[in-house]
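User: I'm new to this structure and would like a close look at one part of it. Could you walk me through the salt bridges and then show me what surrounds them?

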Amino acid sequence: MKTSTQLPKMLFLLLGLSGLLSAQAGRPLTVDDASVNDVGQGHVEGWWTRAPDGSRNWTVAPAYAPIQNVELGAGLAREQKTGLETQNIQAKFRITPSQDNGCNVGAVVGTARTTGETSKGYVNALFTCNHANLGSLHTNLGALDVSSSQRIGTWGLAWERAYGVITAHVEVYGQQHDKPTWATGLRTNVLPSLQLDASVGRQSGLNLLTLGTKWIF
C-alpha cells in the first residue's frame, strides 16, 4: 500500500517522466512538443530536480527514432533520500508533419512503474504551433493511471522562443485535483551535440529547480 509520502513523490516522478521525453522542445520543458527525432537519430537527457516537497531526484531519459514518425523512449528517475525509483517506456508518434510556420499533432502512450507498485499506463495528446518570429506554443492533454480503478487527467501549456544562442520558455502544467506548477527555463548548446539547461518553478508556494543536459546523437 502507498504511504502518504510515497504517493505525491510517485505522481511527481510519473508526471516528469511522461512529459520530458520530447524530441525538439525537450529539456528543460516539462510540457512535450508534437515532434519526434528524425529516423536514425536520438538523444539522452539527464537532469537533477529539487521537487516542491523538498525531495531531490535525478533522471536519465534516452530516446531514439527507429522509423519515420515514431520515437521510442525510456526513463529512470530516482529519489535520492528514499531510493524510490520510477522507470518508464513509451512510444511517441508524430501524427501530422511538423511545420516551421504552422501546427502539427502528436501522441504519446507509455507505461511506468514505481518501486513497490504495479505498472501504470499513461497517454498524452500533443499539439504544437510554430511561428518563425513568435516562437512555438505547445499544448498537452493526457491521462495517468494512479491505480487499477483510478485515473487522473494531466495537462500542460508552454511557449518557447530562441534569442540568439539561448532559447527561453515559460510553461504551466499539472494534474487533476492538484495545483498547477508554473516554470520558466533556459537552454543553450555548448557543443553542436551537447546542451546545458536549467529551469525554476513554483507549486503551492514551494520552489522547483532543475539542472540538466541533453546529448544528441
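Analyst: Let's get our bearings before zooming in. Buried residues make up 48% of the 217 residues in this chain, and keep in mind that the model is predicted. The chain has one helix and twelve strands, and reading from the N terminus the order is α-β-β-β-β-β-β-β-β-β-β-β-β. Among contacts with a separation of 6 or more, 43% are between residues 24 or more positions apart. On the outside, the chain exposes about 10400 Å², with carbon and sulfur atoms supplying 62% of that.

Now for the salt bridges. Side chains of opposite charge can pair when their charged atoms come close. Searching the whole structure turns up seven salt bridges. Let's take Lys 92, which pairs with Asp 32, with 2.9 Å between the closest N and O atoms. Lys 92 belongs to strand 4, while Asp 32 sits in the loop between helix 1 (6-19) and strand 1 (42-50), so this pair ties together parts that are 60 residues apart in sequence. Are these two buried or exposed? Both Lys 92 and Asp 32 are buried.

Lys 92 also forms a salt bridge with Asp 33, again with the closest N and O atoms 2.9 Å apart. Here too the pair links distant parts of the chain, since Asp 33 is in the loop between helix 1 and strand 1 and Lys 92 is in strand 4, 59 residues away. Asp 33 and Lys 92 are both buried.

Next comes a pair further along the chain. Glu 160 and Arg 187 meet through their side chains in a salt bridge, 2.7 Å from N to O. Glu 160 is in strand 8 and Arg 187 is in strand 10 (residues 181-191), so the pair ties together parts that are 27 residues apart in sequence. Why does Glu 160 count as buried? Buried means under 20% relative accessible area, and Glu 160 counts as buried because its relative accessibility is 7%. Arg 187 counts as buried as well, because its value is 14%. Going back to the earlier trio, salt bridges that share partners join Asp 32, Asp 33 and Lys 92 into one network.

So what do the strands around Glu 160 and Arg 187 look like? Start with strand 8 (residues 150-163), which runs antiparallel to strand 7 and is joined to it by eleven bridges. One of the pairings puts Ala 143 opposite Gly 153 in strand 8, and the two strands form a hairpin with two residues between them. On the other side of the story, strand 7 (residues 135-147) also pairs with strand 6 (residues 120-131), in the antiparallel sense and over ten bridges. There, Tyr 122 has Leu 144 of strand 7 as its bridge partner, and a hairpin of three residues connects strand 6 to strand 7.

Strand 10, the home of Arg 187, has partners too. Eight bridges join it to strand 9 (residues 166-175), and the two run antiparallel. Tyr 173 finds its bridge partner in Thr 181 of strand 10. The hairpin of strand 9 and strand 10 has five residues between the strands, and in it His 177 takes a positive phi near 70°. Strand 10 is also joined to strand 11 (residues 194-203) by nine bridges, once more antiparallel. Thr 184 pairs with Val 200 in strand 11, and a hairpin of two residues joins strand 10 to strand 11.

Back to strand 4, where Lys 92 sits. Glu 85 lies in strand 4 as well. Leaving aside neighbours within four places in sequence, Glu 85 is in contact with Leu 76, Ala 77, Arg 78, Arg 113, Thr 114 and Thr 115. With Arg 78 there is a polar contact, side chain to side chain, at 2.7 Å. Glu 85 and Gly 116 are 31 residues apart in sequence, yet their C-alpha atoms are 9.1 Å apart in space.

Finally, let's step out to the surface. Phe 93, Ile 95, Val 105, Val 109, Val 123 and Phe 127 make a nonpolar surface patch of about 480 Å². Strand 5 (102-114) and strand 6 are the elements that give two or more residues to this patch. Ile 95 comes from the loop between strand 4 (85-94) and strand 5, and Ile 95 is exposed, with a relative accessible area of 54%.

Definitions and conventions:
Residues numbered from 1 in each chain as written. Predicted model: local features only at pLDDT ≥ 70, side-chain atom pairs only at ≥ 80, totals over all residues. Heavy atoms only, no water. Pairing = 2+ DSSP bridges. Helix = DSSP H or I, 4+ residues; strand = E, 2+ residues; numbered from the N terminus. Patch = residues over 30% accessible without salt bridge, like charges linked within 9 Å, V, L, I, M, F, W, Y side chains within 5 Å. Areas by Shrake-Rupley, 256 points an atom, 1.4 Å probe, with all protein chains shown as cover. Salt bridge = Lys/Arg side-chain N within 4 Å of Asp/Glu carboxyl O. Buried < 20%, exposed > 50% of the residue type's maximum accessible area, 1.4 Å probe, protein only. Contact = heavy atoms within 4.5 Å. Polar contact = N/O pair within 3.5 Å; in protein donor to acceptor, adjacent residues only side chain to side chain.
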